[in-house]
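Visitor: I would like a close look at a single part of this structure, one helix if possible, together with the setting in which it is found. Could you take me through it step by step?

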Amino acid sequence: MLTAFLVFFPLAAALLLHFAKGGAARALALGASLLELAVAIFAAFTYARSGPGALDVNLSWIPSAGINFHLGIDGLSLCLVLLTAVLVPIILATAFRHDEYENPGAFYALVLFMQTGLLGVFTALDAFVFYFFWEVALIPIYFLAGAWSRADRRIAITFKFFLYTIIGSLFMLAGFVYLYLQTGPAAGSLAAHSSDIQAMYTAGKQLAASQQAWVFWLIFAAFAVKMPIFPFHTWQPDTYTESPAPATMLLSGIMLKMGIYGCLRWLLPVVPLGVSQWQQLVMVLAIIGIIYGAIIAIRQRDMKRLIAYSSLSHVGLMIAGVFSLKAIGLQGAVVQMLAHGVNVVGMFLVADAIERRTGTRDLADLGGLTRRTPLLSVCFLVMLLSTVALPLTGGFVGEFLLLAGVYEFNMWAGAVAGLTIIFSAVYLLRMYQRAMLGPDSAYSDTITDLSGKELFMFAPLIALVFWLGLFPGTFLHLSEPTISSILTAVGR
Amino acid sequence: MLPIVLLSVFGIVNLFLGFLRSNRALLPFVLVVLALVFGLNLLDWNHAGSLPGVFDSPYVAQMLTVNNYSVAFGGIVLLTALVLLPFSRSYVVAGEPNLAEYYSVLLFSLVGAIMMVSYNHLIMLFVGIEILSISMYVLAGSDKRNVRSNEAALKYFLQGSFATGVLLFGIALVYGATGSFQLDGLAAGIAAPANASLQPMLYVGVLLLVIGIGFKVSAAPFHFWTPDVYEGTPTFFTAFMSTVVKTAGFAAFLKLLVVALPGTSAVWLPTIIAMCMLTLLLGNVGAAVQTSAKRMLAYSSVSHAGYLLLGLIAGRGQLQGPAAQGIFFYSLAYSIATVAAFGVLKLVADQRQREDYAGLAGLARTNPLLAFVMTVAMLSLGGIPLTGGFFGKFFIFTAVAGQGYIWLVVFAVLMSMVGIYYYLRPVIAMYMRPAELGNDTPIVVDGFQSATLVLLAMLTLVLGILPGFLSGLL
């Protein structure tokens with residue numbers, strides 16, 4: 001029941017927010033997200049003490065169709081649950097810094113609602129429960145990205161985002177329905193089929209290779225759009241750039257991980273033959289994404305857009321690691337999901353801090369900010385170096401493992417993918433140089449440094465960067481059993 | 001049987017209440033009547049015939065059958081009418097002189113709807129359809145000083161009576177071929193034909209039946225009346241038309257195909273599949289290009305007829321099964337969401353005098369409740385999880401895919417992607433576009449209507465979160 005509480009508590013808090021105003025709403029939202037973090041940590045200890053069995057929830061949901069409300073937390077889920085639980089308070093705190101938001105209570109409520117959807121996705125162990133939460137997570141982010149954005153093109157941008165993602169997920173639904181119709185009844189159930197994850201694994205495996213080939217694309221469509229993988233990424237830069245900062249953080253920090261998590265849990269073990277048929281193609285697309293994102297990032301002037309393309313590039317590497325189908329690559333993907341979540345939220349936090357102080361994100365208008373903002377510069381630099389994958393930081397461990405996996409898959413693929421580290425050093429250091437160093441700009445003398453509260457928001461991110469960099473074993477150890485069972489299912 | 005008797009009696013009583021020269025008593029009276037009838041209808045659940053010995057099912061020379069199927073669909077119809085009624089408040093406030101007549105016609109039309117869901121005899125089907133249709137002709141033209149309303153009534157009447165003729169002709173031919181009006185008699189007559197030379201007549205009759213009912217439920221290519229009639233009809237009655245007529249029509253349709261005509265599925269199955277695809281295509285594409293929210297809802301109701309036709313395709317073997325379950329859940333979710341959407345639209349249109357998307361702009365700021373309810377309704381009609389509409393589609397799609405029509409489901413999924421496009425447009429207007437000048441005053445909604453809207457939104461969400469309560473009923 002702990003898992004169910006973990007999933008639904010943010011929703012309950014979001015509903016309560018309806019009755020709170022102003023400061024009370026902030027206190028309630030932040031309090032709820034911190035309590036959620038405490039519960040997530042408690043769940044982690046429960047897992048460490050007594051294994052995944054204690055966190056399993058299996059309730060009858062739609063008995064006539066054999067669909068159970070089945071949630072559970074294993075090591076892989078736990079990593080992402082913890083990531084979500086850590087990031088949401090920071091994202092909420094970012095939203096608190098924006099006094100210009102109209103109807104802020106609704107904004108906080110939607111962030112918490114989103115958290116329910118995300119945690120549901122990361123813990124679902126029934127195909128339709130997974131799909132349900134997958135779509136539930138889309139509704140709040142659509143409003144967060146659209147209704148609070150001040151960009152002129154917000155309607156067109158969020159519309160594109162919504163249509164892209166929902167079309168992808170409808171394909172996934174079709175794939176799940178097809179697999180579901182191949183399943184047999186669950187033990188003790190009157191329904192003819194079952195959508196439990198184990199039933200889906202069994203049903204998927206017994207499909208012929210030719211069927212798995214197209215079921216693969218049905219399911220992968222949803223994940224490909226969400227991550228996004230080249231060439232399904234066209235919604236992403238605009239949406240990241242024009243959304244309010246907290247929505248961008250949710251999108252890039254957590255929601256993107258839904259796609260990679262989905263591949264690990266709901267694609268590789270479900271259609272193993274389909275995966276091996278399309279492995280090469282996906283690898284090629286992922287590596288194109290790495291190079292493409294990086295090259296475009298080098299040319300960007302808008303800080304948020306630059307980070308968006310950098311994220312596209314880094315996601316490409318994660319996908320490549322997953323589809324290398326090597327233990328080290330998958331492990332790398334798990335660590336990098338966490339590290340990237342922390343890094344990208346940190347980077348957007350920096351961009352937001354600068355934008356709130358100067359009113360611009362354009363690198364051409366910035367410069368020489370570091371003189372009056374030593375703290376901001378340090379935070380910026382830590383986040384940046386972790387994104388560049390400097391040793392001692394989380395980004396290094398993740399990217400190193402990923403590259404090792406890709407290299408094991410194919411030496412040349414590894415070599416090309418390795419360019420990501422060089423490229424990201426180029427565009428990120430360029431961004432730092434243009435914004436923080438360089439000739440003075442109009443803001444150099446007036447900008448204020450991070451306040452205590454803001455420093456408090458950066459502190460956990462910086463701590464995590466070094467934790468992931470110095471002791472990645474904590475998380476590798478957590479995800480290892482799941483990863484090896486996935487690889488066994490794929491037959492590697 | 002009790003619902004039919006009570007609705008007829010109270011319909012007449014209500015006419016006399018009209019002499020009171022005060023509209024105040026009418027709405028509470030009709031609400032109480034409907035709540036009573038709704039409750040009595042549910043009493044028949046699992047034991048047909050609420051008064052043993054007096055009203056044993058099947059009733060009156062095997063004309064009507066009351067079973068769980070008819071109770072379930074009758075329940076949807078009555079519930080829809082019940083939750084729709086609060087939105088007629090504007091008539092009460094405006095002192096509409098003919099309100100008692102409207103309410104009576106509404107009650108009488110429900111008699112027709114209940115006959116349609118519980119018929120056991122083709123004549124009862126015909127009578128039910130006619131009672132419902134004629135009431136609708138009247139109500140379509142109820143705004144009698146409005147040219148559009150007159151046009152709607154005339155169009156609906158002319159085309160509707162033509163379709164009635166087709167239906168009657170179909171009944172006659174089927175009767176001629178099988179010698180029976182009873183559903184089981186028809187099935188027996190088709191399974192063991194007395195005279196093989198009458199087979200062509202039977203097939204033509206079945207086809208005409210499908211066309212006749214297809215017209216009533218606005219299935220393409222017999223849907224042309226729908227957008228104009230729905231747009232011209234006063235919004236309150238449009239909501240009634242697009243929910244009650246559709247629910248009753250599909251309940252009757254499924255019963256006819258599965259109970260009486262399974263032996264002729266070689267004729268009707270390809271016809272229904274073709275109609276279904278055409279309806280989905282024309283309904284969704286038609287809705288996507290509209291600028292008026294009301295007209296969009298009219299086309300969307302055509303597209304929902306397409307999804308329900310899809311449900312008919314899954315109807316095999318016995319009446320109670322995945323198909324009936326899917327159509328039941330879908331009709332319920334669709335009716336609730338449609339009433340909510342039309343309810344909000346009526347409130348907005350009454351005050352802002354416009355029914356297009358721009359009229360909805362800025363609603364999130366002036367009336368957050370209306371905007372929220374409309375959003376829930378749109379998400380439900382679009383079939384997005386968390387709302388009942390998702391599970392409606394889900395049950396129908398899995399039932400049809402289970403029969404092997406994967407390609408048809410894929411087509412329907414593609415069409416529902418188009419649906420998401422146009423259902424999102426009112427949401428965008430409400431949440432992301434600022435209100436136009438002069439249109440930014442909050443809309444006055446009385447407590448009763450607000451409570452009804454909240455109830456509708458809650459029902460939609462409950463159907464979407466805990467579908468297990470209702471999914472296994474049939």
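Guide: What follows is a walk through helix 11 of chain A, then its surroundings, and finally chain B. Please keep in mind throughout that this is a predicted model.

Helix 11 of chain A runs over residues 245-266, and at 1.5 Å a residue its 22 residues should span 32 Å; the end C-alpha atoms are in fact 30 Å apart, which agrees with that expectation. The helix is nevertheless not straight along its course, for it bends by about 35° at L251(A). As to its environment, 22 of the 22 residues of helix 11 of chain A are buried, so the helix is largely enclosed by the rest of the structure, where a residue is called buried if 20 or more other C-beta atoms lie within 10 Å of its own.

Some of that setting can be described through the domains. The domain assignment of chain A gives domain 1, covering 1-270, and domain 2, covering 277-492, and the C-alpha centres of these two domains of chain A lie 22 Å apart. Their contact draws 38 residues from domain 1 of chain A and 44 residues from domain 2 of chain A. On the domain 1 side that touches domain 2 of chain A, the elements giving two or more residues are helix 3 (75-96), helix 9 (209-226), helix 10 (236-242) and helix 11 of chain A.

A UniProt annotation covers this stretch as well: the unreviewed entry places the feature "domain: NADH:quinone oxidoreductase/Mrp antiporter transmembrane" at residues 125-420 of chain A. Over those residues of chain A the chain is 76% helix and 0% strand, with the end C-alpha atoms 34 Å apart.

For a second helix to set beside this one, consider helix 3 of chain B, at residues 68-84, whose 17 residues should span 24 Å at 1.5 Å a residue, and whose end C-alpha atoms are 24 Å apart, which agrees. Of the 17 residues of helix 3 of chain B, 15 are buried, so this helix too is largely enclosed by the rest of the structure.

The secondary structure of chain B comes to 21 helices and 0 strands. Its radius of gyration is 21 Å, close to the 23 Å that the globule rule gives for 474 residues, so chain B is as compact as a globular protein of that length. Buried residues make up 60% of the 474 residues in chain B, and among its contacts between residues at least 6 apart in sequence, 79% join residues at least 24 apart.

How values were computed: Residues are numbered from 1 along each chain as its sequence is written. Chains are lettered from A and ligands numbered from 1 in the order in which they are written. This is a predicted model: local features need pLDDT of at least 70, side-chain atom pairs count only at pLDDT 80 or more; totals for chains, interfaces and linings use all residues. UniProt positions are given in the numbering used here, feature names are shortened, and annotations may be inferred rather than shown by experiment. Helices (H or I, at least four residues) and strands (E, at least two) are DSSP runs, numbered from the N terminus. The expected span of a helix is 1.5 Å times one less than its number of residues. The bend at a residue is the angle between axes fitted to the seven residues ending there and the seven starting there. A residue is buried if 20 or more other C-beta atoms lie within 10 Å of its own, exposed if 12 or fewer, and partly exposed in between; C-beta atoms are placed from the backbone. The radius of gyration is taken over C-alpha atoms; the globule rule is 2.2 Å times the number of residues to the power 0.38. Two residues are in contact if their C-beta atoms, placed from the backbone, lie within 7 Å. Domain bounds come from an automatic or database domain assignment.
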